[in-house]
Amino acid sequence: MIDKNIGFIGLGNLGKNLANSILLGGFNLFVHDLIKEKANDLIKKGAHWCENIKLLVDQSSIIITCLPNPNAVSIVMESSKGIIENINSSHLIIECSTTDEEEIIRLSKLVETKSASYIDAPLTGGEWRSKKGNIAVLASGIRESFNRALPVLKEIGYEIVYLGEKLGSASTVKVLTNYLASINLLAIGEVLMICKKYNL
């Protein structure tokens with residue numbers, strides 16, 4: 001059975017594109033962000049705005065977070081009005097935020113205390129690919145949870161790579177892809193500098 005009610009928290013440059021793809025996929029989308037104006041286009045297309053996280057959790061069976069840093073993730077997950085306070089055994093959390101393995105493992109243990117499910121699913125490929133719904137998704141976590149998440153992940157990503165049951169593996173690989181991208185950009189810069197020096 002496919003979950004149809006999806007909650008989405010974090011409507012930044014990347015998040016709003018992912019949320020839009022989910023909406024276009026025919027899911028019931030419930031959204032929240034610190035700045036409501038970021039949700040205006042999604043609301044016009046049929047998304048439901050939630051004034052707080054509790055309202056979003058109450059109406060969703062899968063909750064996706066797409067936040068800019070570990071501190072933001074911690075606030076959304078652990079505050080007195082956050083996700084963990086309000087979830088139950090029916091919920092699956094998909095962490096698309098950029099964070100690290102230790103933080104993923106720590107948060108997963110808190111989620112487990114509420115008998116909910118949790119996977120990390122960071123993204124790679126850039127904002128421009130997210131607009132087309134073909135960004136790459138790296139995922140790790142219990143296979144059953146991954147299988148449950150797969151229908152909605154297919155809406156936001158073209159390449160979906162399952163990296164096993166060890167939570168945090170996907171987040172580690174995400175950091176490594178950033179490392180490789182940075183090295184390649186540095187190499188390209190060096191090559192272009194030499195070309196300019198020799199008037200090529």
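Here's a quick briefing on a few spots in this structure, from a buried aspartate to a nonpolar patch on the surface. Keep in mind that the model is predicted. Helix α1 is largely enclosed by the rest of the structure, since 8 of its 10 residues are buried. Asp3 is buried too, at 12% relative accessibility, while Leu200 sits out in the open at 77%.

**Asp3 and its partners**
- Asp3 comes in the segment before β1, the strand that covers 5-9.
- With a relative accessibility of 12%, under the 20% cut-off, Asp3 counts as buried.
- The Asp3 side chain has a polar contact of 2.7 Å with the side chain of Ser61, and another of 3.0 Å with that of Arg148.
- If you skip neighbours within four places in sequence, Asp3 is in contact with Phe27, Ser61, Ile62 and Arg148.

**Helix α1**
- This helix runs over residues 15-24, and 8 of those 10 residues are buried, so the rest of the structure largely encloses α1.
- The buried set is Gly15, Asn17, Leu18, Ala19, Asn20, Ser21, Ile22 and Leu23.
- After α1 comes Gly26, with a positive phi near 90°.

**The aromatic pair**
- The count of aromatic pairs comes to 1.
- That pair is Phe146 and Tyr162: the ring centres are 4.5 Å apart and the planes sit at 25°, so this counts as stacked, given that the cut-off for stacking is under 30 degrees.
- Phe146 belongs to helix α8 (residues 143-156) and Tyr162 to strand β9 (residues 157-162), so the pair ties together parts 16 residues apart in sequence.
- Phe146 is buried, at 5% relative accessibility, whereas Tyr162 is partly exposed at 22%.

**The loop at Ser80**
- You'll find Ser80 in the loop between α4 (70-78) and α5 (83-86).
- Ser80 counts as exposed because its relative accessibility is 63%, and the bar for exposed is over 50%.
- From C-alpha to C-alpha, Ser80 and Arg106 are 17 Å apart in space, with their positions 26 residues apart in sequence.

**The nonpolar patch**
- Met193, Ile194, Tyr198 and Leu200 make up a nonpolar surface patch of about 500 Å².
- Leu200, one of those four, lies in the segment after α9 (169-197).
- Leu200 is exposed, with a relative accessible area of 77%.

How values were computed. Residues numbered from 1 in each chain as written. Predicted model: local features only at pLDDT ≥ 70, side-chain atom pairs only at ≥ 80, totals over all residues. Heavy atoms only, no water. Patch = residues over 30% accessible without salt bridge, like charges linked within 9 Å, V, L, I, M, F, W, Y side chains within 5 Å. Areas by Shrake-Rupley, 256 points an atom, 1.4 Å probe, with all protein chains shown as cover. Salt bridge = Lys/Arg side-chain N within 4 Å of Asp/Glu carboxyl O. Helix = DSSP H or I, 4+ residues; strand = E, 2+ residues; numbered from the N terminus. Buried < 20%, exposed > 50% of the residue type's maximum accessible area, 1.4 Å probe, protein only. Polar contact = N/O pair within 3.5 Å; in protein donor to acceptor, adjacent residues only side chain to side chain. Contact = heavy atoms within 4.5 Å. Phe/Tyr/Trp six-rings, centres within 6.5 Å; stacked < 30°, edge-to-face > 60°.
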